[in-house]
Amino acid sequence: LFDFRFVHEDARAETERLVADAVAGRQPRTVAVTPSYTKSGATVWCEWHSTTFYGADGRPVGSLGLALDVTPYRATAEALERSRAR
């Protein structure tokens with residue numbers, strides 16, 4: 001998971017916790033919104049949907065992760081908050 005540079009350092013601790021919970025069977029499905037890196041190194045905000053699959057012995061055998069780039073929605077929400085504050 002950490003071999004490729006897409007987990008933003010601001011999200012690393014949370015990502016490590018989510019992975020540990022999934023491996024331990026405590027949290028087989030998660031949805032998290034975190035900053036991530038693109039291939040070019042730009043930062044985007046992604047809504048990650050992750051599911052871990054377990055074998056008959058309860059050990060993880062695979063996982064599926066889907067990411068939705070929510071950067072535009074986040075920028076709009078932040079602009080709205082700044083406008084409201086003014």
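**Close-up views of one protein chain**

**View 1. The β1–β2 hairpin has a glycine with positive phi.** In the hairpin made by β1 and β2, 5 residues sit between the two strands, and Gly-41 takes a positive phi near 95°. Keep in mind that this is a predicted model. How many bridges join β1 to β2? There are 9, and the two strands run antiparallel. Strands of a sheet pair through backbone hydrogen bonds, and they can do so in a parallel or an antiparallel way. To find your way along this pair, look for Arg-29, which stands opposite Thr-51 in β2. Another pair to look for is Val-33, which faces Glu-47 in β2.

**View 2. The β2–β3 hairpin comes next.** Here too, 5 residues lie between the strands, and in the turn Gly-58 has a positive phi of about 85°. Just like a zip, this pair has its own set of links: 9 bridges join β2 to β3, and these strands run antiparallel. Glu-47 is a handy landmark, standing opposite Leu-68 in β3. On its other side, Glu-47 of β2 has Val-33 opposite.

**View 3. Now for the whole sheet.** In what order do the strands lie? The 3 strands go β1-β2-β3, forming an open sheet with antiparallel pairing. The edge strands are β1 and β3 (60–69), since each of them pairs on one side only. From one strand to the next, the twist averages 30°. Helix α1 packs on this sheet and touches β1, β2 and β3, with its direction at about 150° to that of β1. In a regular strand, side chains alternate between the two faces of the sheet.

**View 4. Helix α1 has its buried residues on one side.** Helix α1 takes in residues 12–23, which makes 12 residues, and spans 16 Å from its first C-alpha to its last, close to the 16 Å expected at 1.5 Å a residue. Which of its residues are buried? They are Thr-15, Leu-18, Asp-21 and Ala-22. These four cover an arc of only 125° around the axis, so they end up on the same side of α1. It helps to know that an α-helix has 3.6 residues a turn, so residues three or four places apart point the same way. The cover over the buried residues of α1 includes β1 (29–37) and β2 (43–54). Just past the helix, look for Gly-25, which takes a positive phi of about 85°.

**View 5. Zoom in on Thr-30.** Thr-30 belongs to strand β1. Is Thr-30 buried or exposed? Its relative accessible area is 13%, and because buried means under 20%, Thr-30 counts as buried. Who are its partners, once neighbours within four places in sequence are set aside? Thr-30 is in contact with Leu-18, Trp-48, His-49 and Ser-50. Leu-18 may ring a bell: it is one of the buried residues of α1.

**View 6. Ser-63 tells the opposite story.** Ser-63 lies in strand β3. With a relative accessible area of 61%, Ser-63 is exposed, because the cut-off for that is over 50%. Leaving out residues up to four places away in sequence, Ser-63 touches Thr-51, Thr-52 and Phe-53. Ser-63 also shows what folding does to sequence distance: Pro-28 is 35 residues apart from it in sequence, yet their C-alpha atoms are 9.1 Å apart in space.

**View 7. Two residues of helix α2 round off the tour.** Helix α2 covers residues 71–85 and is the place of Arg-82. Pro-72 lies in α2 as well. Arg-82 is partly exposed, with a relative accessible area of 48%, and Pro-72 is partly exposed too, at 49%. Pro-72 and Gly-58 are 14 residues apart in sequence, and 39 Å separates their C-alpha atoms. For Arg-82 and Val-44, which are 38 residues apart along the chain, the C-alpha separation is 20 Å.

**View 8. How confident is the prediction?** The mean pLDDT of the protein chain is 91, and 98% of its residues reach 70 or more. Where is confidence lowest, and where is it highest? The lowest mean is in α1, at 91, and the highest is in β2, at 95. As a rule of thumb, where pLDDT is low, the predicted coordinates should not be read in detail.

Note on methods. Residues are numbered from 1 along each chain as its sequence is written. This is a predicted model: local features need pLDDT of at least 70, side-chain atom pairs count only at pLDDT 80 or more; totals for chains, interfaces and linings use all residues. Side-chain values use heavy atoms; hydrogens and water are left out. Buried means under 20% relative accessible area, exposed over 50%, partly exposed in between (1.4 Å probe, protein chains only). The expected span of a helix is 1.5 Å times one less than its number of residues. The arc is that of the directions from the helix axis to the C-beta atoms. Contact means heavy atoms within 4.5 Å. pLDDT is the predictor's confidence in each residue, from 0 to 100. Two strands pair if DSSP finds at least two bridges between them. Axes are lines fitted to C-alpha atoms, for helices over the stretch in contact, and angles run from 0 to 180 degrees between N-to-C directions.
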